[in-house]
Amino acid sequence: VNELRREFNDEVEKKTAELNQLREEHEKEAQKLSESHKDEKEKLIGSHSQIVKHIKTENEKQISDLTKHHRKEIEDLNEKHKSIIVSSEEAMAKFKEGQKRQLDEIIETHRREIEEFNNHHTREKEELTDQCNKQVNECEQSIHTVSYTHLRAHETSLHLVCRLLLEKKKKTKK
């Protein structure tokens, strides 16, 4: 049994030594691979950095070009806007001028109508005044003085009431 134990222990030591040797080889291989991958990683990082720089440069150029293009479009739109404003102002001025002319024509037409109306009524007034004066003259020429007795003879009941009221009024004033 002791011998079996010794053999077993020898075998364990042998296997442990093999295992330790394999571990060392594995660590060496892992380190080699790590260094190899480190080189590849650095190469990839360098390549990636160059690609990123290139893309960044291209993007900045495109942004710059778009900015220039947009500024130009904005300038063009501003010019167009100014042109439209000027055209609108000119059209509005012409419209106002036309409206003013129309109003002036209407005012002039009304002024003439009023003048004609006044002239017509002035003539009518003069004609009526002439007719009234003529009638007054005719009445004055046809008026004859008559006596108080004659007036009383033609007096109506209405005239009588008026005459009596007037006489009463005269008496109260005195």
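**Entry 1: burial and overall form**

I began with burial and found that buried residues make up 1% of the 174 residues in the protein. I note here that the model is predicted. A residue counts as buried when its relative accessible area is under 20%.

Next I looked up the surface. The accessible surface comes to about 17,200 Å². Carbon and sulfur atoms hold 57% of that surface.

I then checked how far the chain extends. The C-alpha trace spans about 195 × 50 × 25 Å along its principal axes. The radius of gyration is 66 Å, whereas a compact globule of 174 residues would have one near 16 Å.

For secondary structure I counted three helices and zero strands. Read from the N terminus, the order of elements is α-α-α. Helix α1 covers residues 2-142.

I picked two residues of the chain to get a feel for distance. D10 and E116 are 106 residues apart along the chain, and their C-alpha atoms are separated by 149 Å.

**Entry 2: charges**

I counted 35 positive and 38 negative charges in the protein. The mean positions of the two sets are 13 Å apart.

Which residues gather in a patch of negative charge on the surface? I found E3, E7, D10, E11 and E13 there. I followed D10 further, and it sits in helix α1. Its relative accessible area is 43%, so D10 counts as partly exposed. A residue of such a patch must have over 30% relative accessible area and no salt bridge, and D10 at 43% is over that area cut-off.

**Entry 3: a nonpolar patch**

I also looked for nonpolar surface. L103, I106 and I107 make a patch of about 300 Å². I107 belongs to helix α1. Is I107 buried or exposed? Its relative accessible area is 54%, and the cut-off for exposed is over 50%, so I107 is exposed.

**Entry 4: salt bridges**

Side chains of opposite charge can pair when their charged atoms come close. I found eight salt bridges in the structure, and I wrote down three of them, beginning with K82 and E79.

The side chains of K82 and E79 meet at 3.9 Å, N to O. A salt bridge needs the nitrogen within 4 Å of the oxygen, so this pair qualifies. Both residues lie in helix α1, three residues apart, about one turn of the helix. E79 is partly exposed at 49% relative accessible area.

K100 pairs with D104, and their closest N and O atoms are 3.1 Å apart. These two are four residues apart in helix α1, again about one turn of the helix. K100 is exposed at 53%, whereas D104 is partly exposed at 38%.

R111 and E108 form a salt bridge at 2.4 Å, N to O. They are three residues apart in helix α1, about one turn of the helix. R111 has 40% relative accessibility and counts as partly exposed. E108 is also partly exposed, at 29%.

Which residues are linked with E108 and R111 in a network of salt bridges? I found R112 and E115 in that network.

**Entry 5: recap**

My short version is that the protein has three helices and zero strands, with 1% of its residues buried. The salt bridges I listed include K100 with D104 and R111 with E108, and each of these pairs lies in helix α1.

How values were computed
Residues numbered from 1 in each chain as written. Predicted model: local features only at pLDDT ≥ 70, side-chain atom pairs only at ≥ 80, totals over all residues. Heavy atoms only, no water. Rg over C-alpha atoms; globule rule 2.2 N^0.38 Å. Buried < 20%, exposed > 50% of the residue type's maximum accessible area, 1.4 Å probe, protein only. Areas by Shrake-Rupley, 256 points an atom, 1.4 Å probe, with all protein chains shown as cover. Lys, Arg positive; Asp, Glu negative; His and termini not counted. Charge placed at Lys NZ, Arg CZ, Asp CG, Glu CD. Patch = residues over 30% accessible without salt bridge, like charges linked within 9 Å, V, L, I, M, F, W, Y side chains within 5 Å.
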